[in-house]
Amino acid sequence: MENGMGDNPRGALVVLEGLDRSGKTSQASGLLSYLEGQGLSAELWRFPDRNTCVGQMISSYLSNKSELDDRTIHLLFSANRWEKRTLMESKLRSGTTLIVDRYSYSGVAFSSAKGLDTEWCKGPEIGLLAPDLVAYLDIPPQKAAERGGYGGERYEQLEFQKKVAQHYEMLHDPTWKIVDACLPMEEVAKQLREIVMDCIVNCRKGKPLTELWQRNQEGVGGGAGFLSVLRSCPGRS
């Protein structure tokens with residue numbers, strides 16, 4: 001996938017992953033402030049994006065206001081990312097770095113923890129942009145459960161989070177950066193700033209955009225299957 005930068009260096013796609021209550025949201029906000037303070041163009045995105053049509057359905061499910069089949073909710077999470085795919089690429093190519101709180105790896109880890117086939121879970125994500133950096137905030141599930149607000153949403157159950165942690169471990173590859181989320185917040189922030197700045201420098205030097213899990217693409221329809229989901233939303237043709 002060509003960079004298409006011309007004379008304008010592109011932004012970096014930085015993803016923060018981890019268990020619920022691992023500190024992703026706080027660290028993502030801190031990263032945004034830091035990058036803006038360095039004079040860099042940056043935005044903070046979160047998935048699910050609960051402002052979209054699909055995101056509202058997901059929000060209802062997560063807050064236990066509706067029930068959906070496991071495969072259905074997995075496809076909705078994926079569709080929510082596909083809704084933003086074009087805008088994401090445009091932002092990156094224009095030079096804006098995106099700090100993303102959860103991405104495709106969360107979708108695969110959580111759904112496979114329910115017993116769905118991992119390769120099936122990856123299928124709908126193929127064709128989405130691959131992150132330039134995945135920073136995994138590593139925390140034992142028991143420690144995460146001790147943090148304030150735990151248990152407020154459907155997936156914040158200790159035994160389930162233990163399974164999610166195991167499936168995240170299966171998704172790790174050598175490119176991931178593992179950060180100890182049990183460290184003091186400022187130390188976590190310091191480590192994240194360092195690895196993110198290194199990533200941004202590499203992207204500005206011409207690192208090309210790539211897509212997720214291309215080696216597994218054969219026989220999978222990618223995002224095309226979401227057209228019917230998106231068309232079912234009010235206000236969409």
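## Close-up views of a predicted protein model

**The whole chain at a glance.** The protein chain exposes about 11,300 Å², and carbon and sulfur atoms supply 48% of that area. Everything shown here comes from a predicted model. If you trace the backbone, you will meet ten helices and five strands in the protein chain. Of its 237 residues, 48% count as buried. Among the contacts in the chain with a separation of 6 or more, 81% join residues that are 24 or more positions apart.

**View 1. The largest nonpolar core brings together 40 residues.** Good places to start looking are Met88, Val100, Tyr103 and Tyr168, the residues with the most contacts inside this core. Eight elements may be picked out by name, each giving two or more residues to the core: β1 (13–18), α2 (53–62), α3 (70–83), α4 (85–93), β3 (97–101), α5 (104–113), β4 (133–138) and α8 (158–171). The one that gives the most is α5, with five residues. Apart from this core lies another, of 23 residues, with Val14, Ala28, Val196 and Ile200 among them.

**View 2. Tyr168 and the residues around it.** Leaving aside residues up to four places away in sequence, Tyr168 touches Glu17, Gly18 and Leu19, among others. The list of its partners also includes Arg102, Tyr105, Ser106, Ala109 and Phe110. Tyr136 and Trp176 are touched by Tyr168 as well.

**View 3. Helix α2 and the residues on either side of it.** In the loop between β2 (42–46) and α2 you will find Pro48. The peptide bond that leads from Phe47 to Pro48 is cis, with omega near 5°. Within α2 itself, the buried residues are Cys53, Val54, Gly55, Ile58, Tyr61 and Leu62. After the helix comes Asn64, with a positive phi near 65°.

**View 4. The largest pocket holds about 800 Å³ of space.** Its lining is made up of 38 residues, and Asp20, Lys24, Thr25, Asp101 and Arg102 lie nearest the centre. Helices α1 (24–37), α3, α5 and α9 (185–204) each give two or more residues to this lining. By class, the lining has 14 nonpolar, eleven polar and 13 charged residues.

**View 5. Two arginines with positive phi.** Which loop holds Arg21? Arg21 sits between β1 and α1, and its phi is positive, about 70°, although the residue is not a glycine. Arg21 is partly exposed, with a relative accessible area of 32%. Arg102, found in the loop between β3 and α5, also has a positive phi, near 75°. Is Arg102 buried or exposed? Its relative accessibility is 11%, so Arg102 counts as buried, the cut-off being under 20%. You have met Arg102 before, as one of the residues nearest the centre of the largest pocket and as a residue touched by Tyr168.

**View 6. The second largest pocket holds about 520 Å³ of space.** Look for Pro131, Asp132, Leu133, Asp173 and Thr175, which lie nearest the centre of this pocket, out of 23 lining residues. Elements β4, α8 and α9 each give two or more residues to the lining, and α9 gives the most, with four. The lining has twelve nonpolar, four polar and seven charged residues.

Terms used:
Residues numbered from 1 in each chain as written. Predicted model: local features only at pLDDT ≥ 70, side-chain atom pairs only at ≥ 80, totals over all residues. Heavy atoms only, no water. Core = buried A, V, L, I, M, F, W, Y, C linked by side-chain atoms within 4.5 Å. Buried < 20%, exposed > 50% of the residue type's maximum accessible area, 1.4 Å probe, protein only. Contact = heavy atoms within 4.5 Å. Areas by Shrake-Rupley, 256 points an atom, 1.4 Å probe, with all protein chains shown as cover. 1 Å grid on protein atoms, 1.4 Å probe; cavity = no way out; pocket = protein on both sides within 12 Å on 5 of 7 lines; lining within 4 Å. Points joined across faces, edges and corners; volume = space filled by probe spheres on them. Nonpolar A, V, L, I, M, F, W, Y, C, P; charged D, E, K, R; others polar.
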